[in-house]
Amino acid sequence: MAAVTSPLRACRGILKELRIAKGSDYRNTLVYKHVLEQFRRNQFCRARMDALHAARTYLCLLTSTRMHLRLHERYHGRGDRALEEVAGLVGLRLPTQPGGKGWET
Amino acid sequence: MMLRNICRYQRQFGQVIWPFSFPQGQHVPSLSTHLQKAKYASGTTERKKFYENVSIAQGGLFEINLDKRKLKTPGGKLFTVPNEALAIAVATEWDAQKDTLKFYTMHLTTLCNTALDNPTQRTKEQMISAALKFLETDTICYRVEEPPGLVELQRNEWDPVMNWIEQRYNVVIGSSSNIMGPQIPEETKETFQQHLNSYNLWSMTGLEYVITQLKSLVLSFGLIDRHLSVEQAVVLSRLEEEYQIQRWGNVEWVHDYDMYELQARTAAGAMFVHLSSESTAVKRKILHD
């Protein structure tokens, strides 16, 4: 990811993430209003650097969470195979127990 | 190094942070805890999204509402945060969920739950001394002796951070390439202890989390003091992995997966620390929405 050095880029990045997460409705959210207000408010030098760092951190949080989830769904989404299927892989079948297993509640 | 990667991948479902450390099929006795189990579910079963709207409400502290219901912690407490910004960020996490709730993407919520419930009953003093102890095994302090490429990379990337923290806090830390690690002088520990004392319980919870993720107190300070960005801190934390990736190639479903997870958690931790240390001047604002 390219370094986000300017407040404008950070702001745009966050808004883009919000749009991805929420769809066309993103302008109605609390977070959208809050982000815009924060960007308007912080004009002075020290507060501005702090605010920029905060913005970049939040952008990183949104992007990384989304990318992590995407990779998770792509590679680890399927979960475990069902027990029957696993047994079937080696040519076995599970026994049927009409009364249910003893330890199941 | 491979071991570390595997451990991190396994940790995905056995997260150290409460509440997702519940083992499978845990017997939950009382009725009130039935509700918390239903809400947060176990590690592998998924909970459907049961609400439409997420909003925040203020009654002194800030609360999160899912439709008409007030959000509670896994321990059954009312979920409250000290300021609006953190409330909005947590609300956004819940709002971003689609059909099923994926708690492993809700890092800020998790941190708040840990701070509110404090299930292991840790005090600030315990957290501080654990952090100081960590300095003895700090990633930045451990240098390899070979291969030369990695030695040089560590020197080029880690030395500046080490110089920064030693200057900023007027301490001596040093690094070492033997198994015993660096000898941290007492004055250094005292200086850091004083500094850490100024953190409140919530910030300290966040800081501890960041240190655990980055495996380095030095890098965590660098991030929290805004000397490093999250991305930079993560790269420095994973320096050896990055070196190996450059040599041997990238494997998306391990390397990128780990990196994004680490970035997300670290970013959440840093945000949590900053927002928790904000002065309560924010409570002057009255909610309009």
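Student: Which residues have the most contacts inside the largest nonpolar core?

Tutor: Keep in mind that this is a predicted model. Its largest nonpolar core has 94 residues. Those with the most contacts inside that core are B:Trp94 and B:Ile173.

Student: Which helix gives the most to this core?

Tutor: The contribution to look for comes from chain B, and it amounts to eleven residues. The helix that gives them spans residues 252-277. That is helix α12 of chain B.

Student: Where does this core lie with respect to the domains of chain B?

Tutor: Look at domain 1 (2-106 + 280-286) and domain 2 (124-275) of chain B. Both give residues to the core, so it lies between them.

Student: Nice. How many aromatic pairs does a search of the whole structure find?

Tutor: The search runs over all chains. Its count of aromatic pairs is eight.

Student: What is the geometry of the aromatic pair formed by B:Phe50 and B:Tyr51?

Tutor: The ring centres are 5.2 Å apart, and the angle between the planes is 80°. An angle over 60 degrees counts as edge-to-face. So, by that cut-off, the pair B:Phe50 and B:Tyr51 is edge-to-face.

Student: Is B:Tyr51 buried or exposed?

Tutor: Its relative accessible area is 3%. Buried means under 20%, so B:Tyr51 is buried.

Student: Which residues do ring pairs link into a cluster?

Tutor: B:Trp94 is worth remembering here, as one of the residues with the most contacts inside the largest nonpolar core. Ring pairs also place B:Trp94 in a cluster. The full cluster is B:Phe50, B:Tyr51, B:Trp94 and B:Phe103.

Student: How many residues of helix α4 of chain B are buried?

Tutor: This helix covers residues 107-117, and its buried residues include B:His107, B:Asn113 and B:Asp117. Helix α4 of chain B is largely enclosed by the rest of the structure, because the buried count is eleven of the eleven residues.

Student: And which residue just after α4(B) takes a positive phi?

Tutor: The phi in question is about 40°. The residue that takes it is B:Asn118.

Student: Let's turn to chain A. What pattern does chain A follow along the sequence?

Tutor: Chain A has four helices and zero strands. Read along the sequence, the pattern is α-α-α-α.

Student: Which residues form a nonpolar patch on the surface with A:Tyr75?

Tutor: A:Tyr75 sits in helix α3 (residues 45-76) of chain A and is partly exposed, at 35% relative accessible area. The patch has about 270 Å² of accessible area together. The partners of A:Tyr75 in it are B:Val251 and B:Trp253.

Key. Residues numbered from 1 in each chain as written. Chains lettered and ligands numbered in written order. Predicted model: local features only at pLDDT ≥ 70, side-chain atom pairs only at ≥ 80, totals over all residues. Heavy atoms only, no water. Patch = residues over 30% accessible without salt bridge, like charges linked within 9 Å, V, L, I, M, F, W, Y side chains within 5 Å. Areas by Shrake-Rupley, 256 points an atom, 1.4 Å probe, with all protein chains shown as cover. Salt bridge = Lys/Arg side-chain N within 4 Å of Asp/Glu carboxyl O. Helix = DSSP H or I, 4+ residues; strand = E, 2+ residues; numbered from the N terminus. Buried < 20%, exposed > 50% of the residue type's maximum accessible area, 1.4 Å probe, protein only. Core = buried A, V, L, I, M, F, W, Y, C linked by side-chain atoms within 4.5 Å. Domains from an automatic or database assignment. Phe/Tyr/Trp six-rings, centres within 6.5 Å; stacked < 30°, edge-to-face > 60°.
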